[in-house]
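Please read these notes beside the model. They are kept brief.

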Amino acid sequence: MTAARRLLLPLLLVLVGVLLTPAAVTAAPRSALPGTLHLQMVPPIRGVPVAVDGNTGRSDAKGRVNIKVRNFIGLDERLKVGSASVSADRKVVLDRFRGSVDHGVRDRIVEVGLRTIRRIGWRYIDRFESPVPVERVTSMRLRSNTGEIIELAGDQLTKPLWLAESRTQQGPRGLTSKRLYYVVDAVMVDGTSVVNRAGQKFVPWDRQSWVVQLLFFKVSFTASDMFFPRRAGTGIQLTRADGRVQRLRFGPDGTVLVPDLPRGTYTLTVRGGGLSFGRPVTISRDQEVMLTVISVIDLSLVVVGVLGVAVGLVLLGRPHLRRPFRALRSITRRAGRRRWRPSAAAGLVLVLLTAAAASLPAGPARAAPAPPTTAAPASPPPSVPVLAYYYIWFNPTSWNRAKSDYPVLGRYSSDDEEIMRRHVRMAKAAGITGFLVSWKHTEQLDERLAELVEVARAESFRLGIVYQGIDFSRKPLPLATVRTDLAVFADRYAADPVFDIFGRPVVIWNGSDRYSATEVADTVRQAQRKLQVLGTAKSVSVVNGQSVLDGQAYYWSSADPLADRSRDKLTAMSRAVHLRGGLWIAPVSPGFDARQIGGRREVPRRDGETLRASFAAARLSQPDALGIISWNEFTENTYVEPSEQWGSRYLEVLADLLGVAPHPDAQLDSSADGDDWGLPTWAALILAIGAVVLVPLWMYRRRRRGRTAATPPTQRGAARSEEAPTNH
């Protein structure tokens, strides 16, 4: 018992001590303790200032900053990353943190995203790298890859410009810095843009001093008499796109040379020497422009001709005035010559007009293109539409991959309206009826298609659609998407005459062979009320299974018509399509090369012989239209658009096959004859004279026949007897 009491007393003392001692303080969290914050700048830039709790620091060469902090609680509000100039030509501003800076409590590195701004400058050069004074430039428009538009004019063109050069974005492994680039949309000189839209690209991170190349051309102007091959006029009046008028005198050689004329359209009039009509001229390259003048001699010739016709008409209507000519007729009869008739005056005018037309200059001073060396096609040109597959996907960066050749128009962007217009004019001059435009319903492609429609409408050109029903990986799109896209197109363009090739607009559904016949029928049923939907079958069996479609357009660019049996296959495909009453668009290709995109197939061009053989095979299949593959598919080397490597060779071959006489790029050449009437001046004048002569003659003969028909036969005989000469 005593031992138990001895143990109980110490236990009680311990218990009392525990009860009287304050509770132990809980250990403070690490975020409330002082520490070191580790920051990593993205991109890694030296000299970025950081301040927190009175401590400051700057990033090192690797973009790192280690800075002491009293704690990590509410650090987001206390940490200041300054907007500062890290060099004479670069500024930085805070863009974002990756997560919260409180994460730095465990010695983690916190990423700090920065936006950088770079000071850039520029100068202008021409095509021969000679400097162009900035005073000639009215304005310049830049566009970033993020869609920002920068307009510069006046003094802004002479001062350095601060542009955003990078921004950050969140990636799967942290922040990444994305470098920005800018393209030149327009540089205005004399009211016209002298650059290809988006044809020049600049990255501020890589280059501070930009060199912008402007399109100036060396153009000489001459003028000649309309009827006679001689020089005419004292000079020209040049009206620029901004309305400014410039008068230039001809030199001793009868020409005036403008060495640096901006690309664009001008109105030209010849000064002195007679009558000259204002003529629009498009300048797109170094060239010679020949104008015509209606001189006083030309006008006199026309007046004499009109008077001769008038006299002839008077003689026809008044028989008693013809008596003096009877003596002349008897004299000419005795001389064994052809009898003179009063109507010979009209023949004389025609002879004069024919001689005048023959004396006209053959054309501009530039040499005419040499005719193709190959033989002409054995059969006449086709009467069916000729349609070229046309792509509107191109952006400035598109030309940086999988290309071995480039257009002569430069590495253009497909949203450039001037490029579209020049494409349409070149195609028309080569005999192409329209473009089959590759399209799907996206904001960018919708805008480009609308722009092309306006150009085609102004140029009286036709369009069809190749609906891309497959994605970039060539997987078919959901049928609901296809149905919606076709409905959108039908609502916008079903009634537009630009798409009137076969009545209703033609839409070729690329990828239709990836679906069952039932799926195809359900998808196009509604669209076929307004559209003709064609498939892209590659075999007769698929054609037979897609009888619900309005026809087929076989996109077969890789066939070698000189080595394969492509002719037999096209004939079989055509027969299968026509048996079901469908439209058949047969493929024509100048060659093929898939090696740029990892393939092995190559079909050589053979200087146009491949195109000729492909054309012949397609025609034998009795197509409803020919589909030229392609206008501008530069990746697969099927293009016929004039290029740096081939020039306009394949448009020339195509024009020859189609029986088109003009040079394929004649519509681009300002030397092409034309005026405000849309006709050559001499042709318009001859038509006017013809109207003056033929209309009164036709009216007179019509009245005379009417009087003759109303006169009884007996009176006609009496009248003839009264007119008969009396023999004494």
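The points below go from the whole protein to one sheet and then to one residue.

1. This is a predicted model, in which local features need pLDDT of at least 70, side-chain atom pairs count only at pLDDT 80 or more, and totals for chains, interfaces and linings use all residues. Residues are numbered from 1 along each chain as its sequence is written, and side-chain values use heavy atoms, with hydrogens and water left out.

2. The protein has 15 helices and 34 strands (DSSP runs numbered from the N terminus: helices H or I of at least four residues, strands E of at least two). Of its 728 residues, 45% are buried (under 20% relative accessible area, 1.4 Å probe, protein chains only).

3. Contacts (heavy atoms within 4.5 Å) between residues at least 6 apart in sequence join residues at least 24 apart in 67% of cases.

4. One open sheet has 3 strands in the order β21-β18-β24, with mixed pairing (two strands pair if DSSP finds at least two bridges between them). Its edge strands, β21 (255-262) and β24 (287-293), each pair on one side only. Strands β18 (residues 216-225) and β24 run parallel and are joined by 7 bridges. Ser224 stands opposite Thr292 in β24.

5. Val603 belongs to strand β33 (residues 602-603). Val603 is buried, at a relative accessible area of 2%. Neighbours within four places in sequence aside, its contacts include Ser558, Phe592 and Thr610. Ala563 is 40 residues from Val603 in sequence, and their C-alpha atoms are 9.5 Å apart.

How values were computed:
Buried < 20%, exposed > 50% of the residue type's maximum accessible area, 1.4 Å probe, protein only.
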